[in-house]
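Welcome! Please take a look at the sequence and the 3D structure below, and then we can walk through them together.

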Amino acid sequence: MDICRYFLCFVLYGIMGWMYESAYYTMRYRRPVNTGFLNGCFCPIYGIGALLIVKLLGSIESVPQLFVTGMLLTCTLEYIVSWALEELFHERWWDYSSWRFNIKGRVCLTAGLAFGTMAVLLVKVIHPAVMYRVMRLSGETAGFICVLTAAAILTDIIVTVRHSDRFEKKLWFVDMGPGIFSDGRRSADDNT
C-alpha cells in the first residue's frame, strides 16, 4: 500500500477518534465539546495509534493477546503524548487523576480497557472495511484527497499553534474530579 493510502487511513482514524471522544464529552457535559488538540474534527493521536496497532499488532490472531498488547501499546502512546503536549504547551489535555488505577493522571485502567477493546475491533472489523474502501479509490482520486486533506490539517496545525494562548479556554472540560479543574476552579456546570 502506498503512502497516500496510509495517510488516508491516518486521517479517517483521527476523525473517528475525534468523533468518539467529542461525543463522550458532549454527552457528559450536555454541550458541544471539541476535545481535539487541533481546532478541526481530527485527533492525530487516534490516527497514529490506529496505524501502530494495524502495523505492529495486525498479524496477531489471538483475541486475548491482541487485546492486552493493544491496551499496552495505546496506553504507552497516550502517556507519551500527554507528557509531550504538557511539556510543549504547558497545558494538560486530559487528566485521569480522579479515575481509579491511573498513572500520574495520564493513563488509567478504564481507558486502557476501552483501547484494548478498540484494538480488537480495529484489527478484526474496522480496518479491513476501511482498507476495502480506500483500495477501491483510483490513484488520482486518492492523491487529490490526500493533498486537500494534508493542506487542511497543516492549516489547522498552524492556526492552532499560533493561538496556543487560548488553550486554557479550550480545555475547560479537563478536570480532576466531578466539576473541579486541576487548579481548583469549578467547571461551567457547577456555576449554574
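How closely do the axes of α1 and α5 come, and at what angle do they cross? They come within 9 Å and cross at roughly 50°. Here axes are lines fitted to C-alpha atoms, for helices over the stretch in contact, and angles run from 0 to 180 degrees between N-to-C directions.

What you see is a predicted model, in which local features need pLDDT of at least 70 and side-chain atom pairs count only at pLDDT 80 or more, while totals for chains, interfaces and linings use all residues. Residues are numbered from 1 along each chain as its sequence is written, and side-chain values use heavy atoms, with hydrogens and water left out.

**Overall layout and confidence**

- The protein chain has 6 helices and 2 strands; helices (H or I, at least four residues) and strands (E, at least two) are DSSP runs, numbered from the N terminus.
- Following the sequence, you meet these elements in the pattern α-α-α-β-β-α-α-α.
- Of the chain's 192 residues, 39% count as buried; buried means under 20% relative accessible area, exposed means over 50%, and partly exposed lies in between (1.4 Å probe, protein chains only).
- Among contacts (heavy atoms within 4.5 Å), those between residues 24 or more positions apart make up 66% of the ones in the protein chain with a separation of 6 or more.
- The average pLDDT, which is the predictor's confidence in each residue from 0 to 100, is 85 for the protein chain, and 84% of the residues score at least 70.
- Over residues 176–192 the pLDDT is below 50, and this stretch has 26 contacts in the model beyond near neighbours in sequence.

**How helices pack**

- α1 and α5 are oblique to each other, because their angle falls outside the other classes: under 35 degrees is roughly parallel, over 145 roughly antiparallel, and 65 to 115 roughly perpendicular.
- The crossing of α1 and α5 is left-handed; that means the near helix is turned anticlockwise from the far one by less than a right angle, while clockwise would make it right-handed.
- On the α1 side, the contact is made by C4, R5, F7, L8 and V11.
- On the α5 side, the residues in this contact include G139, A142, G143, I145 and C146.
- α2 and α3 pack at an angle of about 145°, and their axes are 10 Å apart.
- α2 passes α3 in a right-handed crossing.
- The residues that make this contact include I45, I48, G49 and I53 of α2, together with L66, T69, G70 and T74 of α3.

**The nonpolar core**

- In soluble globular proteins, nonpolar side chains tend to be buried together.
- A nonpolar core is a set of buried Ala, Val, Leu, Ile, Met, Phe, Trp, Tyr and Cys residues joined through side-chain atoms within 4.5 Å.
- Which residues touch the most other members of the largest nonpolar core? They are C9 and Y13, out of 36 residues in this core.
- At least two residues of this core come from each of α1 (3–29), α2 (44–57), α3 (63–89), α4 (109–135) and α5 (139–162).
- α4 gives the most to this core, with 9 residues.
- C9 is in contact with L51, H127, V130, M131 and V134, once its neighbours within four places in sequence are left aside.

**Residues in helices**

- T74 lies in helix α3, and its 11% relative accessibility is why it counts as buried.
- Leaving aside neighbours within four places in sequence, T74 is in contact with I53 and F115.
- M19 is found in helix α1 and is partly exposed, with a relative accessible area of 48%.
- Although M19 and N34 are 15 residues apart in sequence, they are 9.0 Å apart in space, C-alpha to C-alpha.
- W83 belongs to helix α3 and, at 46% relative accessibility, counts as partly exposed.
- W83 and W93 are 10 residues apart in sequence and 9.5 Å apart in space, C-alpha to C-alpha.

**Residues in loops**

- Where would you look for R30? R30 is in the loop between α1 and α2.
- R30 has a positive phi of about 55° although it is not a glycine, and at 75% relative accessibility R30 counts as exposed.
- K104 sits in the loop between β1 (102–103) and β2 (107–108).
- The phi of K104 is near 55°, a positive value in a residue other than glycine.
- K104 counts as exposed, at 62% relative accessibility.
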